[in-house]
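Trainee: I am new to this structure and should like to be guided through its arrangement. May I put some questions to you?

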Amino acid sequence: MALYNLTIHEASDLLRKRQLSAQELTRSVLERIRTTDAQVHSYLTVCETEALQQAETADRSLATGGPLPLLCGIPVAVKDVILTKGLRSTAGSQILAHFVPPYDATVTCRLREAGAIIVGKVNCDEFAMGSSTENSAFLPSRNPWDLSRVPGGSSGGSATAVAAEQALAALGTDTGGSIRLPSSFCGVVGLKPTYGRVSRFGVVAYASSLDQVGPFAKDAQDCALMLQAIAGHDPRDSTSVNTSVPDYQASLTQGVRGLRIGIPKEYFVEGMQPAVEVAVQQAVAEFAALGARPVPISLPHTEYAIAAYYIIATAEASSNLARYDGMKYGYRAPQTEGLGETYRRTRAQGFGSEVKRRIMLGTYVLSAGYYEAYYLKAQKVRTLIRQDFLKAFEACDVIATPVAPTTAFRLGEKTADPLTMYLSDIFTIAVNLAGLPGLSIPCGFDENHLPIGAQLIGRPFGEEVLLQAAYAYEQATPWHLRKPPL
Amino acid sequence: MRISREEVQRMALLARLELTATEETELIEHFDKMLSYIEKLNQLDTDGVEPTAHAVAVPSPLREDQVTNQADTEALLQNAPAREADFFKVPKIIE
């Protein structure tokens, strides 16, 4: 076994017993990046010197003993939409290709305060808009289980970094499934926390009423550690909620006895890949064997989620992305005449085609005469979708569904038709509209040896229960232990 | 088609995007697909349903208007597409 194979909790244990140094661990991870990243393309920036310096600092803390921060000496990767002071943050876009943030995002600060070592910035779809990383302005990432396939998106680089063991864990963002889909496609654990659980200050905004930051990890325990480090109120994000953060480690081993698991019939539909349906049903059976009680539920407005999402998300995106005007930072088109042309050409050259599509649709649905028919209508449907979940949670404690209707698709398979690509998120988007926490856990493999993910959806601020359920499942199943053939 | 070339051009102007004729054609097709897909929302009766802007309602927090950060002029200007001394250099705004 190599050092990069360790989980956070295993490495922390060895670090604290002084049987391993943070520098050894970090060197192992950096070496792993060197030998595998030409194949999977997880990283946009690797910061070797800074990482080794941070590891040296961590080793000094470890040597002095005393109380140590939660993630002391743990090498992690950060999605490139999350700002890192002094370290290039591109959001996967040409328009920010040379942007060096003058400040850290709150989640970055919290990782640093927790003693984590940031080894680099990982790839994503441009401005987190996409389901495959093929919209990255730089290059697509590849699925470590099959290099001809996508890792899922938008946080694809976060998922490939953890799956290919080029970091012990990673941060990503999830607006419509961007943590859970790549987690599922790459066979790792990924959590989208409740809207308001984690600060978005310093995170490049896509759709502000939906965006949330969350962890990618090798198992539920590591996922709990990462969430512990980043969760909690932040006065600099007015949407972050001021409620106490539970001790996720302490409750992890409580098990699922008596837990009512809701199975929504709308999430098992025609056209699904049979292996996915079988694996998720088997996962439900496993939960039942562990003492949970499956109950049939209904989420009747599920089929309207994608339509509502593509109105709300594009509207918010068109507004959020107005800031990229080529004046104070980012790309500016050369040799233009006057202000208007500078704006138009800067944005034409700086944005990729998917970003332009979403800005255009968002502009349309917000424009005079269409606002009520589209934006207001979508917000009302959002209410119905949220009510579906709240009603369902009267009869169950957790909801189990597939993360996606299929396993990872091939590069280029869905790029010609944006709507087909959007439908990859059919099982994840409603969770964002309702603001709920959603966890993706590995639950099997298909006939092509590609990972399958099950999604556990919780009540608002119910991350604890999701992690408990995932932990109990992992004790009984081997799926999270399998490694891609790299 | 549900949207005309002129409408696409008007949206592009509002969004400050210069589009090629090919991009306009692609967008007309994309809008056509998306608007017909989105139309399924009209199957739902939403009379009397309150709109949801944020899933978790948080009252707007108020605080004293105090400076808590220090301006790092050099770090900010390093990202400027063009600068002169300690200023952002921008195109002429008034013709």
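**Strands and helices**

Trainee: Which residue of β4(A) is the bridge partner of Val78(A)?
Mentor: Please note that this is a predicted model. Strand β2 (residues 75-79) of chain A runs parallel to strand β4 (residues 169-174) of chain A, and three bridges join them. In β4(A), the residue bridged to Val78(A) is Leu171(A).

Trainee: Which are the edge strands of the sheet in chain A?
Mentor: The sheet is open and mixed in its pairing, with 11 strands in the order β1-β3-β2-β4-β6-β5-β10-β11-β9-β7-β8 (chain A). An edge strand pairs on one side only, and this applies to β1 (43-46) and β8 (293-297) of chain A.

Trainee: What angle does the direction of helix α5 of chain A make with that of β4(A)?
Mentor: Helix α5 (residues 156-163) of chain A packs on the sheet, and β4 of chain A is among the strands touched. The angle between the directions of α5 and β4(A) is about 155°.

Trainee: How are α11(A) and α2(B) oriented to each other?
Mentor: The axes of helix α11 (residues 353-366) of chain A and helix α2 (residues 21-38) of chain B come within 11 Å and cross at roughly 60°. That angle is neither under 35 degrees nor within 65 to 115 degrees, nor over 145. The two helices, α11(A) and α2(B), are therefore oblique.

Trainee: How many nonpolar residues has the contact of α11(A) with α2(B)?
Mentor: Arg357(A), Met360(A) and Leu361(A) of α11(A) meet Leu27(B), His30(B), Phe31(B) and Met34(B) of α2(B). By class, one residue of this contact is charged, one is polar, and the nonpolar ones number five.

Methods:
Residues numbered from 1 in each chain as written. Chains lettered and ligands numbered in written order. Predicted model: local features only at pLDDT ≥ 70, side-chain atom pairs only at ≥ 80, totals over all residues. Pairing = 2+ DSSP bridges. Helix = DSSP H or I, 4+ residues; strand = E, 2+ residues; numbered from the N terminus. Contact = placed C-beta atoms within 7 Å. Axes fitted to C-alpha atoms, helices over the stretch in contact; angles between N-to-C directions. Nonpolar A, V, L, I, M, F, W, Y, C, P; charged D, E, K, R; others polar.
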